[in-house]
Amino acid sequence: MFRLAAFLCALCAVSWGFFCLHIVTPGKWGGRPANCSSPLKSVQPGYVIVLHTAGGSCKTRAECNQQMTNIQHYHMNNKGWCNIAYNFLIGEDGKVYEGRGWHTEGAHTYGFNDISLGIAFIGDFTGRSPNAAAWKALKHLLHFAVENGYLSSNYLLMAHGDVSNTLSPGQHIRKTLKKWPHYKH
C-alpha cells in the first residue's frame with residue numbers, strides 16, 4: 001500500500017508540478033468517533049467556505065495532530081457538536097486533516113453548513129498569511145475535490161467573513177482568495 005501511495009505521489013508531482021495531496025484521516029491524527037449523521041444536500045456542493053480555527057498553528061505532523069485533537073475536544077465537549085465543525089483543516093505542514101469529510105454537513109457557517117465544504121486553516125491568521133505549503137494544500141484539495149466529483153466544477157469560493165459577521169479567516173487570507181478564479185464576494 002505504501003509503495004503504491006509513493007508511486008502515485010511521484011506521478012502526481014510530475015504531472016502537476018507540485019506535491020501530492022496528503023489527507024490525514026481521523027484514525028491517523030488521533031480523532032474520536034464522530035456522532036454526525038446529517039449529509040450535505042448535494043454530493044457535489046457548489047460552495048467552499050474558507051475559515052481559520054483562530055487557535056494555535058502547526059508546522060509539523062505532531063503539532064497538527066495535537067491541534068486536531070484540541071479542536072475536536074473543544075467542538076465536541078465545549079460546544080456540544082457531533083464532531084469538528086469543518087469538513088477539512090489545513091496545517092502549515094502542507095497536509096490536509098479530515099474533519100467531517102466529504103459528505104457530512106458542517107457546523108462552520110450558518111446558512112451554508114449543508115451546501116458547502118468548510119475548509120479551515122489551522123491557526124489564527126488575522127495578523128499573517130498561512131505559509132506556502134498550506135496554500136498549496138488548499139489548491140490541491142480543491143482540484144482533487146472537483147476531479148473526483150466531491151465538489152461542483154463551477155463552485156464558488158468565499159471567505160468566512162464574506163457570509164458571516166466575523167474576522168475569520170483574516171484579511172491576509174481574504175486578499176489572496178480574491179485573486180483566485182472561483183472567488184465570489
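Most of the longer-range contacts here reach far along the chain: of those between residues at least 6 apart in sequence, 71% join residues at least 24 apart, a contact being heavy atoms within 4.5 Å. This is a predicted model, in which local features need pLDDT of at least 70 and side-chain atom pairs count only at pLDDT 80 or more, while totals for chains, interfaces and linings use all residues. Residues are numbered from 1 along each chain as its sequence is written, and side-chain values use heavy atoms, with hydrogens and water left out.

Now for the layout. The chain has 6 helices and 6 strands, in the order α-β-α-β-α-β-β-β-α-β-α-α from the N terminus. Both are DSSP runs numbered from the N terminus, with at least four residues of H or I for a helix and at least two of E for a strand. Of the 185 residues, 44% are buried, where buried means under 20% relative accessible area, exposed over 50% and partly exposed in between (1.4 Å probe, protein chains only).

Let's look at the sheet. It's an open one of 6 strands, ordered 1-4-3-5-2-6 with mixed pairing. Strand 1 (23-24) and strand 6 (156-159) are the edges, each pairing on one side only; two strands pair if DSSP finds at least two bridges between them. Strand 2 (residues 47-52) runs parallel to strand 5 (residues 116-121), joined by 6 bridges, and Tyr47 stands opposite Ser116. Helix 4 (residues 132-147) packs on this sheet and touches strand 1, strand 2, strand 3, strand 4, strand 5 and strand 6.

Helix 3 (residues 61-78) is worth a slower look. Its 18 residues should span 26 Å at 1.5 Å a residue, and the 25 Å between its end C-alpha atoms agrees; the expected span is 1.5 Å times one less than the number of residues. Its buried residues include Cys64, Met68, Ile71 and His75. An α-helix has 3.6 residues a turn, so residues three or four places apart point the same way. Ala62 and Asn78 are exposed on the face turned away from the buried side. The buried residues pack against helix 2 (26-29), strand 3 (88-90) and strand 4 (96-98). After the helix comes Gly80, with a positive phi near 80°.

Finally, turn to Leu177 in helix 6 (residues 171-177). Leu177 is buried, with a relative accessible area of 0%. Leaving aside residues up to four places away in sequence, Leu177 touches Val50, Trp135, Leu138, Leu157, Ala159 and Tyr183.

Technical notes
Axes are lines fitted to C-alpha atoms, for helices over the stretch in contact, and angles run from 0 to 180 degrees between N-to-C directions.
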